[in-house]
Amino acid sequence: MRPAPSSGTLLLRGLLAAIPIAALSIGVPLGNRVEPRILGAPFLLCWIVAWVLLTPAFIWAVGRLERHW
Amino acid sequence: MSGAVALSIVAVVVLGTIGFALFGVRRVRMDPQQYIVGGRSFGTIFLWVLLAGEIYTTFTFLGIAGLSYSQGAPAFYVMAYGACAYVIAYFITPAIWRVGKENNLLTGPDFFETMFDSRALGVSVAILQFLMIVPYVAVQLSGLQILLHIAGYGAYNATISVCIAFTVLALFVFSAGLRGTAWASIVKDVIVLLAVIFAGIAIPVRFFGSPSAMFDRVLRVHPQMLVLAHGNAYHGTIWFASTVLLSAIGFFMGPHSFNAVYSARGADTLRRNAMLLPFYQCFVSLMLFAGLSAALITPGLKGTAVDQSFLFVVQRYYPSWILGIIASAGALAALIPASALLLGGASVITKNVAGDWFGIATDDRSRTRLTRALVLLVALLALGFWLVAQKTVVELLLLYYNGITQFMPGVVAAFAWRRATAWGVGLGIAAGLAVAVPLAALNISPLGINPGFVGLGSNVLVLILVSLVTRGR
């Protein structure tokens, strides 16, 4: 058995999990623009792709805090 | 002639995939644990392949392109909800797996039965899941028919081809079980990846010079197509946010998803998968580019024809062997998830309805045999349902999406709220369905919010109230 994650990081873990979900749902109005375009793609699409690609990093960080890897 | 070439390629790829998978499972002895949940032995990569294989269906393949063709930016929700679903999966799937491992569970209804100590709840969930699975399989058959019709250049009867392909698939599931689906997913994932890269990169490059130039054209012709409308407008930001959250919540609640979760070797296998699945998601999203390109190349399609938009482009401007490969990818995107659905539907009936309720086929040998027989029966039912109700299938899909989401409050309550009771969970599901399905069928979105959310709200409310007045676990 691995040591149980300390409850001190509970808030941090919850926050790390909530950030990508919020960015891709209620946070979408923040990225809802055409300009600036990145590599030709409209900003809204870039916003979503960027957050999808960042999601594994957030999951990794939560797993790290929970000592799963 | 071209139709014969393309259809032959589809036949060779589908049969080759099935042959490959049968070779993969040739030494496996089938008991119920092996047949339904892969012996709980799948490692990170094998499980990743299986999950990508069953998650990305014809809806991903045809639907994303169709939605971006007709709507533009609202189609981006498909990308967003997958990633959100994987964050939720990181927390919930290891917990479900642990309960499954400790209690030797086979199905999703088993989970409800165990956690709430109620056979009646398990049987009810089993019947509901079964009813939701049949139209969902039928949707895959509709997708398959579109693909085979276009691959045959309209010269062949696609309905007969669908019946043949689906019969072969049912026999494959009969013999190979969940492990067979995982092996077949290896081929499916690779071919679908090649097809989406072709559709998303090669088509824009050929017609516009680059994907970037394609976006220039879209913005010139339809300036508002690549952003969302504000607030509670039709398909506006409120619709987007609520649909992303709702779809993410329902994501792992299908009966076949429980089978896949149980098949993991360990809890960390599922956590790693939650981290790795967004990468496949990103590639699949190239279908957005294909749909937007098609909107410029062949504008003006209406109704269900939008789902075929990019296939029309391939059919008209590319040689038949390329169409054959693209159609093969689409056919596997229909058949592989369908194989997991058949197994999921058959297993809930064998284990929870026949076994737990009527006491039939409870030893290992007869349970494997009954599940196999039911795979064929579910396949026949789905095929019959599809032949009879072809036109209304899309509306029935609403039952599936709104339906499976209603299982989530019970799963969360099982872990998070000791006071939750079987009556609370069961009546909560009933209330959620009673509210969400009519709203969805009538296309009513209060304040621009996805109607499934209203159903989910009533579900949670009933779950809490009824649990408070009934006796606890």
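## Crossing of α1 and α8 in chain B

In this predicted model, helices α1(B) and α8(B) are roughly perpendicular to each other, because their axes cross at roughly 95 degrees and angles of 65 to 115 degrees count as roughly perpendicular. Helix α1 of chain B covers residues 2-24, and helix α8 of chain B covers residues 158-208. The two axes come within 7 Å.

## Residues of the helix contact

On the side of α1(B), the contact is made by B:Val13, B:Val14, B:Thr17, B:Ile18, B:Phe20, B:Ala21, B:Leu22 and B:Gly24. Helix α8(B) contributes residues including B:Ala165, B:Val168, B:Phe172, B:Trp183, B:Lys188 and B:Ile191. By character, the residues of this contact comprise 14 nonpolar, four polar and one charged.

## Domains of chain B

The domain assignment divides chain B into domain 1, spanning 2-389, and domain 2, spanning 406-473. A distance of 26 Å separates the C-alpha centres of domain 1 and domain 2 of chain B.

## Where the domains touch

In chain B, 23 residues of domain 1 are in contact with 19 residues of domain 2. On the side of domain 1 of chain B that touches domain 2, the elements giving two or more residues are α5 (77-103), α6 (108-116), α7 (119-151) and α10 (237-250) of chain B. The largest share of this side, seven residues, comes from α10(B).

The residues on this side of domain 1 of chain B divide into 14 nonpolar, eight polar and one charged.

Conventions. Residues are numbered from 1 along each chain as its sequence is written. Chains are lettered from A and ligands numbered from 1 in the order in which they are written. This is a predicted model: local features need pLDDT of at least 70, side-chain atom pairs count only at pLDDT 80 or more; totals for chains, interfaces and linings use all residues. Axes are lines fitted to C-alpha atoms, for helices over the stretch in contact, and angles run from 0 to 180 degrees between N-to-C directions. Helices (H or I, at least four residues) and strands (E, at least two) are DSSP runs, numbered from the N terminus. Two residues are in contact if their C-beta atoms, placed from the backbone, lie within 7 Å. Ala, Val, Leu, Ile, Met, Phe, Trp, Tyr, Cys and Pro count as nonpolar, Asp, Glu, Lys and Arg as charged, and the others, Gly among them, as polar. Domain bounds come from an automatic or database domain assignment.
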